[in-house]
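Visitor: I would be grateful for a close look at a single part of this structure. Please take one helix and the residues around it, and set it within the chain.

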Amino acid sequence: MMTGRQARAPLQFLPDEARSLPPPKLTDPRLAFAGFLGYCSGLIDNAIRRRPVMSADKKTYREVFEEFHPVR
C-alpha cells in the first residue's frame, strides 16, 4: 500500500540556520541594486507598452474626486 512520503516534515521557506541570522542593513548595496532593477523594469515595461513616462496627464484631487461624485 502506497501512503506517500515516509518522513513527512512541514514545508520550510528557510532552514533553521538562516532563521537565526540578523536581517540585512537598510544601507546594504544589494537592496539598492534590487530597487534600482525594479525601477528600471517598470521603465522598460512602460516603454514596451508605449505609455508616457513624464508627460502623463496631471489631475488635481478635485478632478479625480469629481469623476466619482459629480458636483455639478
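Guide: The account below begins with the chain and then turns to helix H2 and its surroundings. The model is a predicted one. Its secondary structure consists of three helices and zero strands, and the order of elements from the N terminus is α-α-α. Of the 72 residues in the chain, 3% are buried. The area exposed by the chain is about 7,800 Å², of which carbon and sulfur atoms supply 64%.

Helix H2 covers residues 29–48. Its 20 residues, at 1.5 Å a residue, should span 28 Å, and the C-alpha atoms at its ends are 28 Å apart, so expectation and model agree.

Two salt bridges are counted in the model. One of them joins Asp-28 to Arg-30, with 3.1 Å between the closest N and O atoms. The two partners differ in exposure: Asp-28 has a relative accessibility of 15% and therefore counts as buried, since the cut-off is under 20%. Arg-30, by contrast, reaches 63% and so counts as exposed, the cut-off there being over 50%.

A further salt bridge links Asp-45 with Arg-49, and here the closest N and O atoms are 2.9 Å apart. Asp-45 has a relative accessible area of 30%, which makes this residue partly exposed. Arg-49 is exposed, at 52%.

Beyond the helix, the backbone offers one more detail: Arg-50, which follows H2, has a positive phi, near 55 degrees.

Definitions and conventions: Residues numbered from 1 in each chain as written. Predicted model: local features only at pLDDT ≥ 70, side-chain atom pairs only at ≥ 80, totals over all residues. Heavy atoms only, no water. Helix = DSSP H or I, 4+ residues; strand = E, 2+ residues; numbered from the N terminus. Expected span 1.5 Å × (residues − 1). Buried < 20%, exposed > 50% of the residue type's maximum accessible area, 1.4 Å probe, protein only. Areas by Shrake-Rupley, 256 points an atom, 1.4 Å probe, with all protein chains shown as cover. Salt bridge = Lys/Arg side-chain N within 4 Å of Asp/Glu carboxyl O.
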